[in-house]
Amino acid sequence: MKYISTNKKADPVSFAEAALKGLAPDGGLYLPQIWPRLSDSFLDQLSQKSLQDIGFKISRLFVDGIDDDVLEGITKEALNFDVPLNSLGNQVYVLELFHGPTLAFKDFGARFMSRIFSALRKESDRDLVILAATSGDTGSAVAQGFLSVEGIKVCLLYPKGKVSYIQEQQLTTAGQNVTALEVEGTFDDCQRMVKEAFSDYSLNEKLQLSSANSINIARLIPQMFYYFYAIAQLSVNSSPIFCVPSGNFGNLTAGLMAQKMGMSATGFIAATNANDVVPEFLDYGEFNPRPSKRTISNAMDVGNPSNFARIVDLLNEDYQQIKRHIWGASFSDSQTRQVIKEVYRKQDYLMDPHTAVGYRAVQQYISSEQGYFSESKSTPKIILSTAHPAKFKDVIEPIIGKKITMPDRLKACLNKQKQSHVLEDDYDELKKWLLNHYN
Ligand SMILES: N[C@@H](CCOP(=O)(O)O)C(=O)O
């Protein structure tokens with residue numbers, strides 16, 4: 001299997017090269033050159049498959065250079081947590097993706113990638129430096145997923161003062177091979193600086209860099225698994241609408257990739273907060289990236305979503321086709337707060353702010369857009385729940401007027417000393433820092 005860049009100006013590469021490079025040399029994002037498809041018999045028997053079965057089957061189609069038994073072990077070990085599908089009635093479901101070690105869906109990607117990278121680099125005598133930009137959840141998951149992995153150093157860039165207290169504790173207290181850089185800017189500044197580092201020839205001569213963000217194709221492979229597993233858990237085999245709370249749009253892209261492989265999905269709802277570049281594109285046909293705004297669903301505070309390039313590529317650069325696959329909507333913080341309160345009061349179900357944006361989008365879809373995808377009223381709508389509410393304790397407790405019980409996994413980092421280096425939102429500063437620390 002070869003991978004090609006969305007910018008089409010770089011040579012096709014192997015899986016190992018695509019994964020270990022992260023970004024293509026022409027600045028594009030890698031996608032498979034030819035799409036593999038799951039067999040009809042596998043898809044027909046989905047309800048009998050475990051998450052790990054699905055994980056191995058899919059990864060085998062994308063990952064070269066790792067033996068079957070090793071790859072099977074990697075998928076089993078990486079996906080050793082539950083992914084329950086909860087019904088909220090009226091054909092609305094919540095797929096809880098936050099039962100991994102850092103309580104966010106980013107654990108799928110980080111745990112899978114760290115093991116894949118180790119297997120691919122078994123013979124390597126040079127350290128790999130993982131650069132990741134984070135608006136909260138990616139950084140925590142990458143810190144945990146790559147912690148103490150031999151031959152790999154992790155450098156996380158996060159926007160100062162713009163992640164939740166618990167996220168900050170998670171990503172600044174790991175220690176060992178993980179360092180956090182607190183950037184005086186937005187998530188988009190962090191992402192821009194990271195991308196600049198990948199295209200800086202002189203830096204790449206001195207350091208071997210890779211990415212753990214969703215720009216890396218290796219991040220999106222495990223994110224396909226749970227789409228299939230959601231369908232496997234439905235009592236009737238059907239073709240759901242997936243609602244994806246979105247920031248950098250890697251999660252929704254993974255859904256489109258799953259669809260390419262044969263997954264039956266009626267459509268996708270792109271739910272955003274005030275950072276509404278993609279819903280605006282769906283309405284008006286123009287993509288206008290702009291600096292991100294700060295919201296209470298901070299992991300989605302992205303003003304220039306990287307995976308837009310993959311979405312456009314996957315849907316043949318055809319605006320009408322994109323609109324046929326994706327319906328989008330954006331919501332304010334006050335609407336998000338209202339949803340958290342209402343769903344908690346009426347259904348005794350507590351959502352984090354990101355999932356609440358998704359729930360609000362489904363409400364709006366049902367009340368005013370039902371039938372947009374030519375679906376029937378009984379079509380399931382599955383909201384991808386991206387994070388545990390306790391990660392946003394400070395936002396949620398005042399909304400529901402109650403204390404949230406803190407899971408033990410989160411408690412562990414709360415009393416540790418934050419360790420970070422403050423950096424200007426300036427690429428040259430980052431380059432200097434990287435060379436001083438890793439060269
Ligand atoms: N939502 C992210 C921002 C980075 O996005 P990614 O999916 O490209 O890693 C976060 O929580 O850090």
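Which residues does UniProt assign to the feature "domain: Threonine synthase N-terminal"? The unreviewed entry places this feature at residues 2-78. Please note that the structure on display is a predicted model.

**First selection: residues 2-78.** Over this stretch the chain is 45% helix and 8% strand. The C-alpha atoms at the two ends of the stretch are 24 Å apart.

**Next, helix α6.** Select residues 137-145 and show the surroundings. Of the 9 residues of α6, 9 are buried, so the helix is largely enclosed by the rest of the structure. Among them are D137, T138 and S140, together with Q144 and G145. To see what covers these buried residues, add helices α5 (106-120) and α7 (165-172). The cover also includes strands β5 (128-133), β6 (152-159) and β7 (178-184).

**Then the open sheet.** Its 6 strands follow the order β3-β4-β12-β9-β10-β11, and their pairing is mixed. Colour β3 (85-87) and β11 (326-330) to mark the edges; each has a single partner strand, so one side of each lacks a neighbour in the sheet. From one strand to the next, the twist averages 25°.

Within this sheet, select β4 (residues 92-96) and β12 (residues 381-385), which run parallel and are joined by 5 bridges. Here V92 stands opposite K381 of β12.

**Finally, the helices on the sheet.** Select α11 (residues 250-260), which lies across β9 (241-245), β10 (267-272) and β12. The direction of α11 is at about 155° to β9. Helix α12 (residues 277-284) also packs on the sheet, where α12 touches β10 and β11. Its direction makes about 125° with that of β11.

Notes
Residues numbered from 1 in each chain as written. Predicted model: local features only at pLDDT ≥ 70, side-chain atom pairs only at ≥ 80, totals over all residues. UniProt positions renumbered as here; feature names shortened; annotations may be inferred. Helix = DSSP H or I, 4+ residues; strand = E, 2+ residues; numbered from the N terminus. Buried ≥ 20, exposed ≤ 12 C-beta atoms within 10 Å, placed from the backbone. Contact = placed C-beta atoms within 7 Å. Pairing = 2+ DSSP bridges. Axes fitted to C-alpha atoms, helices over the stretch in contact; angles between N-to-C directions.
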